[in-house]
Amino acid sequence: MTFLTSYYTINFSCEIFFIFIYMKRFLFIIPLFLLSLLLYTIEQPGITSITNNNSLDVLSSSLQKKHGEISTVYKLNVDFNPDKKLFTVEEIINWKNLTEFSTNEIQFHLYANAFSNNKTELGKKFDFDESEQTKIQIRSLTVNGIVRQFEYFQPEIDNLFDSTVARIDFDKPILPFDSVVIKIKYELQIPRSRIRFGYAAGREFYFIAQWFPKLGVFKDGKWICSQYHPYTEFYSDFADYEVTINLPKDYIVGSTGQLINEVIRDSNKSLTYSAQNVIDFAWTASTEFYTQTKNYQSKFGKDIEVTFLIQPENKKLLSRKFQAAFNTIEYLEQYIGEFPYSQINLVDAPRTANIGGMEYPSIVTYFTPLFSPIEIQRPESTIIHEIIHQYFYAAVSSNEVYEAWLDEGITSYLEAKILSEYYGNPILHFRFIDYYPVYGMSFLSFREVPLIYSLKAFEFEHSSYALASYYLNNELGSIRDTSYKLPNRLSYLVNAYSKPYLILQVLENYLGKEETLKLISDYYSKNKFSLVDANDFLDVLKNNESTDLEWFISNFLNESKKFDYKIRSLAKEGNTYKIFVERLEEGIAPTEIAVYSEVDTTYIDWDGIDRWRVFTIESNNEIIAAEVDPFRRNILDINYANNSYTVEPKYWASLSIAIRWFFWVQNALLIFGSVG
Ligand SMILES: [Zn+2]
């Protein structure tokens with residue numbers, strides 16, 4: 001606020017003059033704002049953006065087959081007609097029952113049908129207009145050569161308008177090791193993209209996800225096949241894919257897997273991609289992409305091809321984007337394990353695609369914000385986040401519909417680690433309104449328009465984002481609730497992203513960074529290319545040899561407990577001091593109590609179990625204050641203000657932590673509240 005306070009010293013009589021000058025300077029904001037609004041609306045015909053760097057992501061799956069054994073092979077042949085925005089697809093699915101159970105049915109996801117009307121589970125939330133609607137039009141369907149039909153049903157939420165899941169029943173059971181061949185011909189009109197799938201309004205850009213009938217997961221004798229719910233993504237099994245895309249030759253394509261064949265005929269081309277052992281296949285096509293590939297030399301000996309497919313207007317950020325990708329892979333290979341694929345495509349989704357950040361095997365999307373100074377760490381944070389999902393979601397694949405916290409929590413935690421390591425703390429309070437044009441100060445620019453930082457930018461730690469949302473919603477739902485049932489978006493975001501991230505941060509605060517990352521690395525190496533659930537993660541925590549983490553699992557992960565420790569009083573009787581400590585909520589976390597004298601600090605260890613305890617210490621030095629959890633290990637404590645107590649108010653130096661904390665939380669809440 002130096003900029004403002006300098007004016008306060010000016011003689012009052014000149015004030016009006018300076019206010020005028022001052023206002024004049026601010027007038028610069030108006031054309032700047034109008035310009036950004038114009039740029040925004042040119043590409044944005046009335047769509048509400050859902051781009052959040054932590055936006056809904058993820059996929060997953062789980063099946064008890066032998067490691068690496070593939071039960072499903074998909075072969076897809078797509079004729080893509082951009083003029084009509086139409087797909088004609090031939091799909092062949094070979095499924096072999098590699099379980100010990102037999103089944104009388106096969107279940108399918110038909111997630112493109114989530115866009116078929118406004119009353120699907122997804123449609124109720126997003127209210128698709130006509131251009132955003134589509135439905136898979138089945139032209140033929142056979143199983144082992146016999147004509148069959150999909151029977152649509154709703155496994156979770158009774159809603160006849162929702163046809164995102166279907167099954168085919170059989171008179172005779174499909175026995176272990178039996179194979180079926182399913183052939184489907186269908187057409188699919190490509191909708192205007194609202195989330196994940198479709199074309200971007202005003203741009204020649206297509207992102208194609210959730211576009212083909214895909215098997216549910218057959219596990220323990222049961223099918224797991226969820227409807228397309230508004231916040232969660234999907235869960236499917238590992239499979240091999242061969243996908244041929246026929247389209248005009250001027251389109252640039254990026255996809256899951258590797259290009260194995262390219263044939264150009266006249267004005268068209270056929271591209272064939274192969275992907276092994278992946279949970280999904282997504283692709284993108286655009287005539288506008290600027291692409292660049294660089295190899296990352298893995299410390300495990302292979303080269304990883306990193307390809308950016310970017311919008312031409314975002315070219316100048318390319319080196320930052322490569323740096324973000326390389327930093328992420330470097331960090332993950334150092335602490336977690338080998339990058340699971342030999343390539344990764346990073347797709348810069350235009351604003352009107354409304355896709356945000358989303359991960360699919362070896363292809364991810366991210367979004368380049370209108371203003372992208374490095375200090376706000378975007379698009380870096382999204383690129384980092386989605387690459388981490390290659391480990392946790394694509395390779396170690398959990399059920400996002402039921403346990404979204406498992407991959408989102410670990411991913412959010414690692415995202416913060418990587419951002420801290422390479423970029424430091426973000427400036428959270430960095431929004432358009434904070435750009436003040438000031439003469440002679442360090443200029444930034446966006447499309448050659450000069451911009452200046454606000455002088456009131458605060459530095460925040462990464463966890464402040466998560467803490468702010470945790471404070472807003474620390475009661476509704478828990479991380480272990482079935483994700484799709486969480487009652488609203490905030491509850492979903494808190495319990496899938498913020499809270500599990502904070503919980504892992506708590507674990508780090510007790511164990512240290514290296515040991516926490518080692519546990520996550522164990523979880524990765526044990527479960528790479530497998531379907532997992534929360535027990536697989538908990539097993540790693542339980543089986544670690546150095547520390548007993550039962551208390552942590554039961555208080556932080558298995559139940560949604562609240563934490564609040566308090567120093568009720570600090571009484572003096574001669575040289576004896578009595579520190580009265582309370583546990584106000586049911587959550588238990590071992591902690592320290594710091595006792596501050598004028599000359600030193602003494603720490604008392606406490607298991608934190610009793611509802612209250614009185615600690616007595618003798619001291620020849622004057623004790624001035626006491627504080628429970630002085631190292632802030634348990635950042636889920638809902639009220640830090642009561643953690644410290646001073647003998648006399650004048651010794652308020654010891655309170656400074658609590659004061660800073662409140663200042664900080666209030667700001668965080670304020671900012672979060674304004675974000676919505
Ligand atoms: Zn995510």
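Trainee: How many of the 23 residues of α9 are buried?
Mentor: Keep in mind that this is a predicted model, in which local features need pLDDT of at least 70 and side-chain atom pairs count only at pLDDT 80 or more, while totals for chains, interfaces and linings use all residues. Residues are numbered from 1 along each chain as its sequence is written. A residue is buried if 20 or more other C-beta atoms lie within 10 Å of its own, exposed if 12 or fewer and partly exposed in between, with C-beta atoms placed from the backbone. Helix α9 (helices are DSSP runs of H or I with at least four residues, strands are runs of E with at least two, both numbered from the N terminus) is mostly covered, and the number of its 23 residues that are buried is 17.

Trainee: How far apart are the end C-alpha atoms of α9?
Mentor: The expected span of a helix is 1.5 Å times one less than its number of residues. The 23 residues of α9 should therefore span 33 Å, and this agrees with the distance between its end C-alpha atoms, which is 32 Å.

Trainee: Which residue that follows α9 has a positive phi?
Mentor: Just after α9 the chain comes to a residue with a phi near 95°. The residue with this positive value is Gly512.

Trainee: Which residues touch the most other members of the largest nonpolar core?
Mentor: A nonpolar core is a set of buried Ala, Val, Leu, Ile, Met, Phe, Trp, Tyr and Cys residues joined through C-beta atoms within 7 Å. The largest one here has 145 residues, and the two that touch the most other members are Ala112 and Phe207.

Trainee: Which helix gives the most to this core?
Mentor: The helix in question covers residues 489–511 and contributes 11 residues to the core. The helix that gives the most is therefore the one described above as mostly covered, with 17 of its 23 residues buried, namely α9.

Trainee: Between which domains does this core lie?
Mentor: The domain bounds come from an automatic or database domain assignment. Both domains give residues to this core, so it lies between domain 1 (59–423) and domain 2 (565–675).

Trainee: How many residues are in the other core that lies apart from it?
Mentor: Among the members of this other core are Leu570, Tyr577, Ile593 and Ala626. It lies apart from the largest core, and its number of residues is 15.

Trainee: Which strands stand at the edges of the open sheet?
Mentor: The open sheet has 8 strands with mixed pairing, in the order β6-β5-β9-β3-β2-β16-β19-β18, and two strands pair if DSSP finds at least two bridges between them. Each edge strand has a single partner strand, so one side of each is left without a neighbour in the sheet, and these strands are β6 (146–147) and β18 (258–265).

Trainee: How many bridges join β3 to β9?
Mentor: Strand β3 (residues 86–96) and strand β9 (residues 179–189) run antiparallel. One of the pairs is Phe87 with its bridge partner in β9, Leu188. The number of bridges that join the two strands is 11.

Trainee: Does Leu86 count as buried or partly exposed, and why?
Mentor: Leu86 lies in strand β3, and its C-alpha atom is separated by 9.1 Å from that of Pro191, 105 residues apart along the chain. Because Leu86 has 15 C-beta neighbours inside 10 Å, it counts as partly exposed.
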